[in-house]
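Please work through the exercises below with the sequence and the structure side by side, and try each task before reading its solution.

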Amino acid sequence: MVLRNVTFWGGFVFLGFSSFGELQLLLFALFFSLYLVTLTSNVFIIIIIRLDRHLHTPMYLFLSFLSFSETCYTLGIIPRMLSGLVMGSQFISYVGCAAQMFFSASWACSNCFLLAVMGFDRYVAICAPLHYASRMHPTLCAQLVSASFLSGYLFGLGMTLVIFHLSFCSSHEIQHFFCDTPPVLSLACGDTGLNELGILILSLLVLLASFFFITISYAYILAAILRIPSAEGRKKAFSTCASHLTVVIVHYGCASFMYLRPKASYSLERDQLIAVTYTVVTPLLNPIVYSLRNRAVQRALRNAFPGSLLSKR
């Protein structure tokens, strides 16, 4: 039986952006600024939706939980990444790495399921508007949100168990800024074929299953929009889906590139760039694209801050 070397040295070391040398402080300033905007925007959206009764609809309920999920996802990754940019290589314990992988994978999977739920919500709103209130009742909404988070936790647990069931080699340096599955898997000893297959299957189940439901929803939505006689009506109907589609394309594009490919194709620089997009840019995209450009949210902001510039627009 091969003993895990991790039992001797106790954890891993993030190399993060050490290859960028003097540019690390510049990256810290950039990522810190983006993170502050991301955190503030998502928390702000949650509060506005909670306080304004006009936003107490299924669409904004799901959006608030997506913002909550994105906030939790970034909290588990970005603060440590920023610390690493200032202090250099960082140590993380074996248990800490497993915990970070579990929570980051869980929130990421939950985001996929929430986006699928939001696609279903748009389908009902456009294809059956007269029955929207009766079908998207509070009990169903609560069940859909609960199922999204529960499924995310189960898939996150599965991915973590698949990775940390392995034995690790003498190298304990993670060529990344957090315990993501590809870089940690690359440190494993022996034949990891079955583990790679397990991660691929779990990733396929999350990404393709949720994306399949989104695709089916939008197939019906497109058919319904094309039946609308006026161009203005078609434009108005499509505008309610444009923001969701933008977030879906970026979210699934980055996630598919990261997790639906073989271990041999991993690349430090390229993967870090994609991971930064996935962990920093995408969570910022949600409140900007999906909320802050939304008229109902803008109205809520004007009501919340009557003396601001927003109220004069």
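The exercises that follow concern a predicted model, and each task is followed by a worked solution.

**Exercise 1. Find which cysteines are joined by a disulfide, and describe where the joined residues lie.**

Begin with the cut-off, under which a disulfide is a pair of cysteine sulfur atoms within 2.5 Å. Cys 97 and Cys 179 meet this rule, since their sulfur atoms are 2.0 Å apart, and the count for the model comes to one disulfide. Next, place the two residues along the chain: Cys 97 belongs to helix H5 (residues 94-127), while Cys 179 sits in the loop between strand E3 (173-174) and helix H8 (181-185), so the bond ties together parts that are 82 residues apart in sequence. Then look at the geometry, where the torsion about the S-S bond is about -120°, and the disulfide is therefore left-handed. Finally, check the surroundings of the pair: both Cys 97 and Cys 179 are buried.

**Exercise 2. Explain why Cys 109 and Cys 112 are not bonded to each other.**

Start from the sulfur of Cys 109, whose closest cysteine sulfur is that of Cys 112 at 6.2 Å, which is too far for a bond. Taking the view from Cys 112 leads back to Cys 109, again at 6.2 Å and again too far. Then turn to accessibility, for which buried means under 20% relative accessible area. Cys 109 has 4% relative accessibility and counts as buried, and Cys 112, at 2%, also counts as buried.

**Exercise 3. Work out how the strands of the open sheet are arranged, and which of them stand at the edges.**

The open sheet has three strands in the order E2-E1-E3, and the pairing is mixed. Strand E2 (90-93) and strand E3 are the edge strands, each with a single partner, so one side of each is left without a neighbour in the sheet. Now examine the contact between strand E1 (residues 11-14) and E3, which run parallel and are joined by two bridges. Within this contact, Val 13 stands opposite Glu 173 of E3. Phe 12, also a residue of strand E1, is buried with a relative accessible area of 0%. As a last step, compare sequence with space: Phe 12 and Ile 174 are 162 residues apart in sequence, yet their C-alpha atoms are 6.7 Å apart.

**Exercise 4. Describe the second largest pocket by its volume, its lining and the elements that contribute to it.**

The volume of the second largest pocket is about 300 Å³. Its lining is made up of 15 residues, and those nearest the centre are Ala 116, Val 117, Phe 120, Leu 144 and Phe 213. The elements that give two or more residues to this lining are H5, helix H7 (138-164) and helix H9 (193-226), with H9 supplying the largest share, six residues. Sorted by class, the lining holds eleven nonpolar residues and four polar ones, with no charged residues.

**Exercise 5. Compare the UniProt record with the model over residues 25-48 and 60-79.**

The unreviewed UniProt entry places the feature "transmembrane region" at several stretches, among them residues 25-48 and 60-79. In the model, residues 25-48 are 100% helix and 0% strand, with the end C-alpha atoms 34 Å apart. Residues 60-79 are 90% helix and 0% strand, and here the end C-alpha atoms are 28 Å apart.

Definitions and conventions: Residues are numbered from 1 along each chain as its sequence is written. This is a predicted model: local features need pLDDT of at least 70, side-chain atom pairs count only at pLDDT 80 or more; totals for chains, interfaces and linings use all residues. Side-chain values use heavy atoms; hydrogens and water are left out. Helices (H or I, at least four residues) and strands (E, at least two) are DSSP runs, numbered from the N terminus. Buried means under 20% relative accessible area, exposed over 50%, partly exposed in between (1.4 Å probe, protein chains only). On a 1 Å grid over the protein atoms alone, a cavity is a set of points where a 1.4 Å probe fits but cannot get out, and a pocket is an open set with protein on both sides within 12 Å along at least five of seven lines; lining residues have an atom within 4 Å of a point. Grid points are joined across faces, edges and corners, and a volume is the space filled by probe spheres set on the points. Ala, Val, Leu, Ile, Met, Phe, Trp, Tyr, Cys and Pro count as nonpolar, Asp, Glu, Lys and Arg as charged, and the others, Gly among them, as polar. UniProt positions are given in the numbering used here, feature names are shortened, and annotations may be inferred rather than shown by experiment. Two strands pair if DSSP finds at least two bridges between them.
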